[in-house]
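Work through these exercises with the sequence and the model side by side. Try each task before you read its solution.

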Amino acid sequence: MFGSPDEMIVAAATASAAGLRAIVRIAGAETEAVLAKLCEPIGSGWPQAGEPPRCVLAVVSEPQLAEAFGRLPCEILVWPGPHGPLGGPLAELQLPGSPPLVSAVVEAACRAGCRLAKGGEFSLRSFLAGRIDLLQAEAVLAVIDARSPEELTAALDAAGGGIGHKLEQLRDRLLDLLGDVEAVIDFGDEVAEGQGAGAVEAALARRLDGLIAEL
């Protein structure tokens, strides 16, 4: 079971292997409070609700982290909500790509009030907030599971809303067709000469066949 969208969650958003950069994602109603326990912003503070997202320069200040890694500089991309990708506060800590460091930051976030996010929980929150549709949410898993360039291309298109956009277009065209059918029913006696019922029916059938073929 997933918790409330306001519940604080944390997870690494990048691969567990070593790399140049790593991202730890934190989300929930108390995101700012958790960030304040982990880091000290340099210069201006955290963006407030209603403000646009902003990248905040900070240093790691949580006692156990600072003891193990020093006051490490980091960048934190903060969406204060409610217009972010999850519909609520979200922060992405961008750190050196060290697996021990990432694990330590995740553990520190849990000490500060988060719990480990369950698989797909960030995508679920994005879906519940209306930021992505169901096809896009499912496409996230398809991207992860892709085993060929063709599968990855199709999954990325779905994740970007490609399939959903096409279905919206087909829905609009079906509604247009429905309007034409209702117009013929209501005003059939006003059909122009040479456009009898048979011709109108054939034209509507061709349009419907084309929509069915696209589906």
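**Exercise 1. A bridge between helices**

Which side chain meets that of Glu-214 in a salt bridge?

Solution. Keep in mind that this is a predicted model.

Step 1. Look for the partner. The side chain of Glu-214 meets that of Arg-173, with 2.9 Å from N to O.

Step 2. Apply the cut-off. A salt bridge needs a side-chain nitrogen of Lys or Arg within 4 Å of a carboxyl oxygen of Asp or Glu. The N to O distance of 2.9 Å fits.

Step 3. Place the two residues. Glu-214 belongs to helix H8 and Arg-173 to helix H7, so the bridge ties together parts 41 residues apart in sequence.

Step 4. Check the accessibility. Glu-214 is partly exposed at 47% relative accessibility. Arg-173 is also partly exposed, at 38%.

**Exercise 2. More bridges**

Find how many salt bridges the rule gives, then locate the partners of Arg-115 and Arg-71.

Solution.

Step 1. Count. The rule gives 7 salt bridges.

Step 2. Take Arg-115. Its side chain meets that of Glu-7 in a salt bridge, at 2.8 Å from N to O. Arg-115 sits in strand E7 (residues 115-116), while Glu-7 is in the segment before strand E1 (9-12). The two are 108 residues apart, so this pair links distant parts of the chain. Glu-7 counts as partly exposed, with 32% relative accessibility.

Step 3. Take Arg-71. The side chain of Arg-71 forms a salt bridge with that of Glu-40, at 2.9 Å from N to O. Arg-71 lies in the loop between helix H2 (63-69) and strand E5 (73-79). Glu-40 is in strand E3 (residues 39-41), 31 residues away from Arg-71. Both are partly exposed: Arg-71 has a relative accessible area of 49%, and Glu-40 has 38% relative accessibility.

Step 4. Look for shared partners. Glu-7, Arg-115, Glu-121 and Arg-125 are joined into one network by salt bridges that share partners.

**Exercise 3. Cysteines**

How many disulfides does a search of the whole structure find?

Solution.

Step 1. Recall the bond. A disulfide is a covalent bond between the sulfur atoms of two cysteines.

Step 2. Search. The result is 0 disulfides.

Step 3. Test Cys-55. The closest cysteine sulfur belongs to Cys-74 and is 9.2 Å from that of Cys-55. The cut-off is 2.5 Å, so this distance is too far for a bond. Cys-55 is partly exposed, with a relative accessible area of 39%.

Step 4. Test Cys-110. The nearest cysteine sulfur is in Cys-114, 6.4 Å away, and Cys-110 is in no disulfide. Cys-110 is partly exposed, with a relative accessible area of 29%.

**Exercise 4. A nonpolar patch**

Name the residues that form a nonpolar patch on the surface.

Solution.

Step 1. List the members. They are Leu-135, Leu-167, Leu-174, Leu-208, Ile-212 and Leu-215. Together they have about 510 Å² of accessible area.

Step 2. Assign elements. Helix H7 (162-187) and helix H8 (197-214) each give two or more residues to the patch.

Step 3. Take one member. Leu-135 is found in helix H5 (residues 134-145). Leu-135 counts as partly exposed, at 31% relative accessibility.

**Exercise 5. Two glutamates**

Place Glu-138 and Glu-151 in their helices.

Solution.

Step 1. Glu-138 is in helix H5. Its relative accessible area is 48%, which makes it partly exposed. The C-alpha atoms of Glu-138 and Ser-123 are separated by 8.9 Å, and the two residues are 15 apart along the chain.

Step 2. Glu-151 is in helix H6 (residues 149-159). Glu-151 is partly exposed, at 42% relative accessibility. Leaving out residues up to four places away in sequence, Glu-151 touches Asp-145 and Ala-146.

**Exercise 6. The whole chain**

Is the chain more spread out or less spread out than a compact globule?

Solution.

Step 1. Count the elements. The chain has 8 helices and 7 strands.

Step 2. Compare radii. The radius of gyration is 25 Å, well over the 17 Å that the globule rule gives for 215 residues, so the chain is more spread out than a compact globule.

Step 3. Take the box. Along the principal axes, the C-alpha atoms fill roughly 90 × 40 × 35 Å.

Step 4. Check burial and surface. Of the 215 residues, 32% count as buried. The chain exposes about 12600 Å², and carbon and sulfur atoms supply 60% of that area.

Technical notes: Residues are numbered from 1 along each chain as its sequence is written. This is a predicted model: local features need pLDDT of at least 70, side-chain atom pairs count only at pLDDT 80 or more; totals for chains, interfaces and linings use all residues. Side-chain values use heavy atoms; hydrogens and water are left out. Patches are made of residues with over 30% relative accessible area and no salt bridge: like charges are joined within 9 Å, nonpolar side chains (Val, Leu, Ile, Met, Phe, Trp, Tyr) within 5 Å. Accessible areas come from the Shrake-Rupley method with a 1.4 Å probe; for residues, only the protein chains shown count as cover. Helices (H or I, at least four residues) and strands (E, at least two) are DSSP runs, numbered from the N terminus. Buried means under 20% relative accessible area, exposed over 50%, partly exposed in between (1.4 Å probe, protein chains only). The radius of gyration is taken over C-alpha atoms; the globule rule is 2.2 Å times the number of residues to the power 0.38. Contact means heavy atoms within 4.5 Å.
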